[in-house]
Amino acid sequence: MLQKALAGIKRINLEGLRWRVFDAKGQVLGRLASQISTVIQGKDKPTYAPNREEGDMCIVLNAKDICVTGRKLTDKFYRWHTGYIGHLKERSLKDQMAKDPTEVIRKAVLRMLPRNKLRDDRDRKLRIFTNDEHPFADRPLEPYVMPPRQVRELRPRTRRAMIRAEKKAEQQQQGTNNTSKRKKNKDVEEEAVST
């Protein structure tokens, strides 16, 4: 796996490139992929031009610990055709994560890049590893800090529904506490009457 990671490095002009390290542990797949695609294209630099390749090298670690939201693990499918009649293959995200988690991040990033002649060069600058181990320890690595996630406020109707549900749960809990107290009181009264 490490030899595969070193393949194609000679074809890249490494002068002036920074080596950015992304830690995928606990990150949401789409948010991480959008940040990687921005860095790989060089859009975070003031010298960005869409016809030039000035992106940085991106190293992604802990690909097996990536997170997805909702029911994407079972509902998201990767489809491909073998070339034979009726041979449309598909694999769910859960199965793909079990087989090769690096391919999940690679496809997410590549599908965010523009489809032009620079795409192959940008793909060579992306190195993904399932664990913390990588062969680039001798390079000047810079850890990439993900921007804070902005959580939008709930819509008023949704907020009211949540408050109602919380109040209802509290009332049900108090109701069960009251009924258990009543049962205890009845038991005490019956014991007092019998003695």
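Buried, in these notes, means under 20% relative accessible area, exposed means over 50%, and partly exposed is in between (1.4 Å probe, protein chains only).

**Ground rules.** I am working from a predicted model, where local features need pLDDT of at least 70, side-chain atom pairs count only at pLDDT 80 or more, and totals for chains, interfaces and linings use all residues. Residues are numbered from 1 along each chain as its sequence is written, and side-chain values use heavy atoms, with hydrogens and water left out.

**Overall layout.** I looked up the secondary structure and got seven helices and six strands for the protein chain. Both kinds are DSSP runs numbered from the N terminus: helices are H or I with at least four residues, strands are E with at least two. Along the sequence, the pattern is α-β-α-β-α-β-β-α-α-α-β-β-α. I then checked burial, and 28% of the 195 residues count as buried. For contacts (heavy atoms within 4.5 Å), residues 24 or more positions apart account for 70% of those with a separation of 6 or more.

**Trp-19.** This one started the entry: Trp-19 is buried, at a relative accessible area of 3%. I went looking for ring partners next. Rings of Phe, Tyr and Trp (its six-membered ring) pair if their centres lie within 6.5 Å; planes under 30 degrees apart are stacked, over 60 edge-to-face, and the rest tilted. That rule gives three aromatic pairs. In one of them, Trp-19 and Phe-136 have ring centres 5.1 Å apart and planes at 45 degrees, so I logged the pair as tilted. Trp-19 sits in strand β1 and Phe-136 in the loop between β5 and β6 (141-143), so the pair ties together parts 117 residues apart in sequence. Phe-136 is buried too, with a relative accessible area of 1%. I also noted that Trp-19, Phe-129 and Phe-136 make up one aromatic cluster.

**Helix α2.** I followed α2 from residue 29 to residue 41: its 13 residues reach 18 Å from first C-alpha to last, close to the 18 Å expected at 1.5 Å a residue. The expected span is 1.5 Å times one less than the number of residues. Its buried residues include Leu-29, Leu-32, Ile-36, Val-39 and Ile-40. Among the elements covering them I found β1 (19-23), β2 (57-61) and α5 (101-110). Right after α2 comes Gly-42, with a positive phi near 85 degrees.

**Asn-62.** Most residues other than glycine have a negative phi. I therefore flagged Asn-62, a residue other than glycine whose phi is positive, near 60 degrees. Asn-62 is in the loop between β2 and α3 (72-75), and counts as buried at 7% relative accessibility.

**Pockets.** I used a 1 Å grid over the protein atoms alone; a pocket is an open set of points where a 1.4 Å probe fits, with protein on both sides within 12 Å along at least five of seven lines, and lining residues have an atom within 4 Å of a point. The largest pocket holds about 270 Å³ of space. Of its 15 lining residues, Lys-4, Ala-5, Arg-106, Arg-127 and Ile-128 are closest to the centre. I counted at least two lining residues from each of α1 (2-6), α5, α6 and β5. The second largest pocket has about 160 Å³, and its lining includes Gln-27, Arg-31, Met-146 and Arg-149.

Methods:
Grid points are joined across faces, edges and corners, and a volume is the space filled by probe spheres set on the points.
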